[in-house]
Amino acid sequence: MVQPLDVIRRTMARRMSESFSEVPHFSLKSRIEVDRLQQARAAINVGRADDRVSFNDLIIKAVAIAIARYPAINASYHPRGILLHAHADVAVAVAIEGGLITPIIREAEGKSVGQISSEMKDMAARARRKRLLPEEYSGGTITISNLGMFGVTEFTSIINPPQACILSVGAAFEEYRVVDGAPYVATVIAPTLTCDHRVVDGATGARWLQHLRDVIEAPEEWATA
């Protein structure tokens with residue numbers, strides 16, 4: 001049996017094949033503690049039975065803040081040079097029938113977690129009904145792919161050109177750690193940043209991941225509805 005390719009699957013196959021063959025990929029992995037982020041989410045969701053903020057909503061905001069602090073990865077390759085983008089337009093991979101689509105939170109650095117959550121709920125629902133407008137899923141500056149809901153803890157994604165980076169986020173898990181000789185158990189995520197080496201080198205990607213870690217591990221500074 002051969003299952004015919006619909007337009008979405010055909011387009012995705014073409015774009016991902018072109019990306020993997022033409023873009024020099026490399027990946028960086030990190031470990032980030034999320035106990036305080038989970039506590040911040042629980043505090044935000046008090047009394048929000050029908051409008052709860054997701055863990056991914058907080059990750060979107062954290063990515064945008066990290067980009068504002070260190071914008072070198074918020075760029076695209078162009079034959080004339082490197083295009084530097086003024087805002088964090090964060091694309092988020094959403095699984096739909098026949099493939100996936102990436103609705104975009106525009107200028108996410110200037111939006112509250114609550115605003116991001118409302119926009120994502122609306123666009124994800126319309127994406128699954130194939131009702132998104134082209135401008136709602138075209139032109140992002142970085143993509144987040146989250147497979148944590150499937151129990152996946154670590155994975156690597158293919159870059160969505162012309163973006164220079166994609167962040168893969170898996171499920172949180174407990175990890176034994178030692179600080180100054182004192183052992184403790186932390187809840188962590190193990191994100192992977194995949195980069196276009198024409199735009200982002202190893203040191204640049206690593207520095208941005210450090211900023212992302214600092215943002216996520218200090219949610220009291222920004223994680224409000």
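## A nonpolar surface patch

A surface patch, as the term is used here, is made of residues with over 30% relative accessible area and no salt bridge, nonpolar side chains being joined within 5 Å. In this predicted model, Tyr-77, Ile-82 and Leu-84 make a nonpolar patch of about 300 Å². Tyr-77 belongs to strand E3, which covers residues 75–78. The relative accessible area of Tyr-77 is 34%, so this residue is classed as partly exposed. Because a patch takes residues with over 30% relative accessible area, the value of 34% admits Tyr-77.

## The largest pocket

The largest pocket has a volume of about 1200 Å³. Its lining is made up of 48 residues, and those closest to the centre of the pocket are Ala-93, Val-94, Leu-100, Ile-101 and Thr-102. Both helices and strands take part: helix H1 (7–22), helix H3 (55–69), strand E6 (94–96), strand E7 (99–101), helix H4 (113–128) and strand E9 (142–146) each give two or more residues to the lining. H1 provides the largest share, with six residues.

By class, the lining of the largest pocket holds 24 nonpolar, 18 polar and six charged residues.

## The second largest pocket

The second largest pocket has a volume of about 210 Å³. Its lining consists of Arg-15, Glu-18, Ser-19, Glu-22, Val-23, Tyr-77, Pro-161, Pro-162, Gln-163, Asp-196 and Arg-198. Here too H1 makes the largest contribution, in this case four residues. The lining of this pocket divides into four nonpolar, two polar and five charged residues.

Several of these lining residues recur elsewhere in this report. Tyr-77, a lining residue of the second largest pocket, is also part of the nonpolar surface patch. Asp-196 and Arg-198, both in the lining, form a salt bridge with each other. Pro-161 and Pro-162, likewise in the lining, are joined by a cis peptide bond.

## Salt bridges

Side chains of opposite charge can pair when their charged atoms come close. The model contains 14 salt bridges. One of them pairs Arg-31 with Glu-154, with 3.5 Å between the closest N and O atoms. Arg-31 is placed in the loop between strand E1 (25–29) and strand E2 (32–33), and Glu-154 in the loop between E9 and strand E10 (165–169), so this salt bridge ties together parts that are 123 residues apart in sequence. Both partners are partly exposed, Arg-31 with a relative accessible area of 32% and Glu-154 with 35%.

In the salt bridge between Asp-196 and Arg-198, the closest N and O atoms are 2.8 Å apart. The two partners fall into separate accessibility classes: Asp-196 is buried, at 1% relative accessible area, whereas Arg-198 is partly exposed, at 36%. A further salt bridge links the side chains of Arg-213 and Asp-214, with an N to O distance of 3.3 Å. Asp-214 is partly exposed at 37% relative accessibility, and Arg-213 is partly exposed at 30%. Elsewhere, salt bridges with shared partners join Arg-31, Glu-33, Glu-154, Glu-175 and Arg-177 into one network.

## Backbone geometry

Most residues other than glycine have a negative phi, and most peptide bonds are trans. The peptide bond between Pro-161 and Pro-162 is cis, with an omega of about 5°. Pro-162 is situated in the loop between E9 and E10, where Glu-154 is also placed.

Two residues that are not glycine have a positive phi: Glu-107, at about 50°, and Lys-130, at about 60°. Glu-107 lies in the loop between strand E8 (104–105) and H4, and Lys-130 in the loop between H4 and helix H5 (134–137). Glu-107 is partly exposed, with a relative accessible area of 41%, and Lys-130 is partly exposed at 47%.

## A buried strand residue

Val-188 is located in strand E12, which comprises residues 182–189. With a relative accessibility of 0%, Val-188 is counted as buried, since the class requires under 20% relative accessible area. Val-188 and Glu-220 are separated by 32 residues in sequence and by 17 Å in space, from C-alpha to C-alpha.

Conventions:
Residues numbered from 1 in each chain as written. Predicted model: local features only at pLDDT ≥ 70, side-chain atom pairs only at ≥ 80, totals over all residues. Heavy atoms only, no water. Patch = residues over 30% accessible without salt bridge, like charges linked within 9 Å, V, L, I, M, F, W, Y side chains within 5 Å. Areas by Shrake-Rupley, 256 points an atom, 1.4 Å probe, with all protein chains shown as cover. Salt bridge = Lys/Arg side-chain N within 4 Å of Asp/Glu carboxyl O. Buried < 20%, exposed > 50% of the residue type's maximum accessible area, 1.4 Å probe, protein only. 1 Å grid on protein atoms, 1.4 Å probe; cavity = no way out; pocket = protein on both sides within 12 Å on 5 of 7 lines; lining within 4 Å. Points joined across faces, edges and corners; volume = space filled by probe spheres on them. Nonpolar A, V, L, I, M, F, W, Y, C, P; charged D, E, K, R; others polar.
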